[in-house]
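Work through the exercises below with the sequence and coordinates at hand. Each task is followed by a solution in steps.

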Amino acid sequence: MREVAAAERRRRTARLLVHGALAIASAATLFPLVWMLAAAFTPNDLILARPFRLWPEQATLANFAAASEAYPIWRWLWNSLLAAAAVTAGKLALSLPAAYAFARGRHRWRDAAFGFVIVTMAFPTVMVIVPTYLAVVRLGLVDTLPALIVPSIPYIGFYVFFFRQAMKALPPEMFEAASLDGAGFLRQFVDIALPNVAHVVPALAAFAFLGAWNIFLWGQLTLASVENKTLAVGVALFSDIEGAQSSWGPLMAVNSLAILPVLVVFLVARRSIERAFANR
Amino acid sequence: MKTLPLTRRSLLAGLAAGVAAPAILRAEAVRASDARIVISSNFGPETAFQAVVDAFNAKELGVEAVNQFDGNYEEATAKTLAAISAGRPPALMTTGWKFGYYAKRTLGARDLREIDADAAEALIANFVPSVHPLVTVDDALVGVPWAMSTPITFINMEHWRAAGLEETIPETIDTDWLYERARALDAALGGGAHPTFRSALSLSNNEWTSQSYVQNAGGAVIDETGTVGLDRPESIAGMELFCAPAHEGLWIPVGSREQDAAFVSGALSIVTTSSTRVIAYPQSAPFEVATTRFPGVPGRERRMNSGGNFLGVYAQDAEQAQAAMRFLEFCASREGQELWSGVGYLNSSIHEIPPVTPLIAAAQAQLADGLTAETIWPGTRGFEAQNAWRNWVSRMLERVDPIPEAMARAQDEITALVSA
Amino acid sequence: MRGAHGGSLQTAGLVAPAFFAVAVFLYLPIAASGLLAVLDYHPATRAFSYAGLANIEAVWRDPAFRVAAWNTLVYCLVLVPAQVVVPLLLALGLREIAGSRLAPVYYACLFAPTLVSFSVAGAVWLPLLNPINGVLNEMLIAIGLPPSRWHTDARAALWVVCVVTFWKTFGLNLVLWYAALMTIPREQIEAARIDGAGFFRRVRDIDIPLASPTAFFILVTTVFTTLDDIVGIIDVLTGGGPFERTTNLPYLLWQKGLVFFQFGQASVVALVTIAIVALLTFVQFRFVERRVTYA
């Protein structure tokens, strides 16, 4: 009996230690972002006066106003949303049917093609950047959103791999029953496969959205005009060559604005993410 | 003399009074036929450059100019190269003198005389003859030499007084004088004795102020004959003097953004950097700022270098090129120059422009002493050559290798790049 | 039975869009790199000329290339284990206190930086890291410690890039580990605990084997995302400096190709990177997948 009580005490101490460790880790991780938010709402001329703050003094929205006066930040927000939504839709549209065919279809090159597609998971994005850039140039698409969007879609290796696993895990009887009811291969994709993996689609959509939202180097290269930029690319404009007039406040305001939409996406997709990456 | 408070808003308000009425009447007719030219620039929407663009557009000459801020010289040059290889060059670009050859030989900057010979002659006549060579590359007139700066010394007077240093700062200083005062500042204010003081000195870790040291010591980065002169004893002595405060712990070498932020927040006592900061520093700093010449090398004749940028035409299209010329004409005019002076450049035009701030006197004095050009990196790979020299400067500041050895290796690497 | 599976044509039809997208946008550029590697590009005239082996020789002689190759290895050796192990420990901690009202708060805080873009990460970290009077140094000074020069210190810069990259990306693996761990039946862990198995033994004998498909997946993807993610951080934090000390192969590729427009040399670097990635992929599948226990 006493042993049980001692074990219980030990467990409580352990839990306390875990809480302590996680609290420290969380505070350290969040600190730069808290600092950023505090700066975003602090009047610009006060920011440099005191480097350390966790809360804005004389809280103001002036930095957001100043940022939107200097640059079309709402247009950037719209461009970011558009690009991220398009890339997400493109990735799902390519990977879901392919994953289904790799899971359930029959073709003698099926497995070879599967390997061909998923190995691209390993490709660093800058590896293809020079030839892709040349192609975009030849097609006259520089400084357009499609130039940002289209080459960003084919990184689908992970999505194909993941959806195939999910579809393979579905009981074959479901498909066989549908087949007996006269549903063809494509019908089964729409009626059986898609609805049964629908719960994990938001998880992958969220990751696709996040990836596209944050495209930086490729965006710097392809988006030249001020009004065509996305938030991730436009942020760079807040530092000037005669930089002492650095607008720290407006910069941090735009930074904060750039996080909000992806935060919402992840909050919405939270349950789906937990289900998607549970061990199958 | 008072500092001219030149913001985009005050300018537009002023203009509105004068031009609004006729402008509204003519607006419709002009818009439709406007040629739209993009200027890739190093200046954001809150700067005097934007004021120049806005004032030009308000004139409604049938050309609409758009300021496209593309970052610093290096970033903007890379972006313009990308745009050129995409077949969509900006009509105009501002870029450093230092990329003059690169602009002509790699980016294909247009010869203004070839676009419109008469207009080009009229244009260049607005600028003092001594700056004409700066925009003459391979016998072509590659731009308007409208922005000249030179590195000078900026002092935080609050620190200065707190350390008990002399109230009157000499007009000409040398490194002995400067380093001695940096040591005094460090001794008096360091170790927590002053709430915001963190470091006494920052000489700018880049290719430009290091060139000043090399030249002031009698050496050359690249001499008049185009020969790289880094392995000369004078050049080595200059770099030894440049690196000494860093090796002594008086200078923490950082990038220019960090340097500016540290100075205006009262952490740095002395900065040597571009004279254009005469506008930005007093605007952001809550303390008195003083300026004086860049430090010379004791016992040597001063041989300071200039810097700044020129506006070149990159449009291949005839209509765009003509439209660009209209913009350049406005820039060269008295009105354009007066607005432009708000960025803090030295006046290189023949127009009488009142100084924007008394702080610029140090730079003007340096100009009167005579300035050489900053290093204009030759060859099609000049951009890489500059990068190489910057890396070597950093290495020497970090004491990675002994300075004579580093200079010998820099000599080889840069010689190979500039002859490409 | 036959009707439940797709025919050859239907299968091919469904795979085709993905297959061709990957072929055109990912494989074709690699093939093109092979061609570009032996060409010289002239930006002003937008023309190419044959360069022979000059580009390969130039890259081979470039000291930055050797530093970049070495750094690529160092970054992987430091970041991959960190990105795998630290999120696992955090996920184990989160599971330990699952049910506590603070658990979701910790989870959200730890994941938050994963949401920011590289440009934002750079803009936030640069003022924190200012070597003269940045926020971190002011904090160090306040508690009586010597300040650091962080990313401008040639000896420390690489580590600063590692820390910021880690900060920006570990959240993803945390999510993956946590989801996998939460599906392991509690009874099994409790049983082991009652048998007297300590924390590390339970992790080794129960958690890792039961989560091994996820573990394998994390290991594989971390190697590749790490290669990629560092580029963004290098670009915003150090630009490869001080004097190329923080560069790696993908960043060198970016710099040579799209800053200096030496397409040929950039393509040589791309080909070397591809070779390394292929080798890594082979090694991983060969030696790691064998040890995965599929549930």
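## Exercise 1: a salt bridge within a helix

Task: explain why A:Arg187 and A:Asp191 are separated by about one helical turn.

Solution. The model is a predicted one.
- Step 1. Place both residues: A:Arg187 and A:Asp191 belong to helix 10 (residues 185-197) of chain A.
- Step 2. Count along the chain: the two are four residues apart in this helix, so about one helical turn separates them.
- Step 3. Check the distance: the closest N and O atoms of A:Arg187 and A:Asp191 are 2.9 Å apart. The cut-off for a salt bridge is 4 Å, and the pair forms one.
- Step 4. Recall the general point: side chains of opposite charge can pair when their charged atoms come close.
- Step 5. Set the pair in context: over all chains, the structure holds 38 salt bridges.

## Exercise 2: the two domains of chain A

Task: describe the interface of domain 1 of chain A and domain 2 of chain A by its residues, buried area and polar pairs.

Solution.
- Step 1. Set the bounds: domain 1 of chain A covers 2-47, and domain 2 covers 71-276. Their centres, taken over C-alpha atoms, are 33 Å apart.
- Step 2. List the contacts: eight residues of domain 1 of chain A touch 10 residues of domain 2 of chain A.
- Step 3. Take the area: about 610 Å² is buried between the two domains of chain A, and carbon and sulfur atoms give 78% of this area. On the domain 1 side, A:Met36, A:Ala40 and A:Asn44 supply 64% of the buried area, more than any other three residues.
- Step 4. Look for charged and polar pairs: there are zero salt bridges between the two domains of chain A. The count of residue pairs in polar contact, both at pLDDT 80 or more, is also zero.
- Step 5. Assign the domain 1 side to elements: helix 1 (2-40) and helix 2 (44-47) of chain A each supply at least two residues. Helix 1 of chain A gives the largest share, six residues.
- Step 6. Class the residues: the domain 1 side has seven nonpolar residues, one polar residue and no charged residues.

## Exercise 3: chain B against chain A

Task: how many residues does each chain bring to the contact of chain B and chain A, and how many salt bridges cross the interface?

Solution.
- Step 1. Count by chain: chain B brings 32 residues and chain A brings 21.
- Step 2. Take the area: chain B and chain A bury about 2300 Å² between them, with 53% on carbon and sulfur atoms. B:Phe69, B:Arg88 and B:Arg257 supply 21% of what chain B buries against chain A, more than any other three residues.
- Step 3. Count the pairs: two salt bridges cross the interface of chain B and chain A. One is between A:Glu227 and B:Arg36, with the closest N and O atoms 3.8 Å apart. Three residue pairs are in polar contact, both residues at pLDDT 80 or more.
- Step 4. Assign the chain B side to elements: those giving two or more residues include helix 1 (8-33), strand 2 (63-69) and helix 3 (73-85) of chain B.
- Step 5. Class the residues: the side of chain B that touches chain A has 13 nonpolar, nine polar and 10 charged residues.

Notes
Residues numbered from 1 in each chain as written. Chains lettered and ligands numbered in written order. Predicted model: local features only at pLDDT ≥ 70, side-chain atom pairs only at ≥ 80, totals over all residues. Heavy atoms only, no water. Domains from an automatic or database assignment. Contact = heavy atoms within 4.5 Å. Buried area = accessible area lost by both parts, 1.4 Å probe. Salt bridge = Lys/Arg side-chain N within 4 Å of Asp/Glu carboxyl O. Polar contact = N/O pair within 3.5 Å; in protein donor to acceptor, adjacent residues only side chain to side chain. Nonpolar A, V, L, I, M, F, W, Y, C, P; charged D, E, K, R; others polar.
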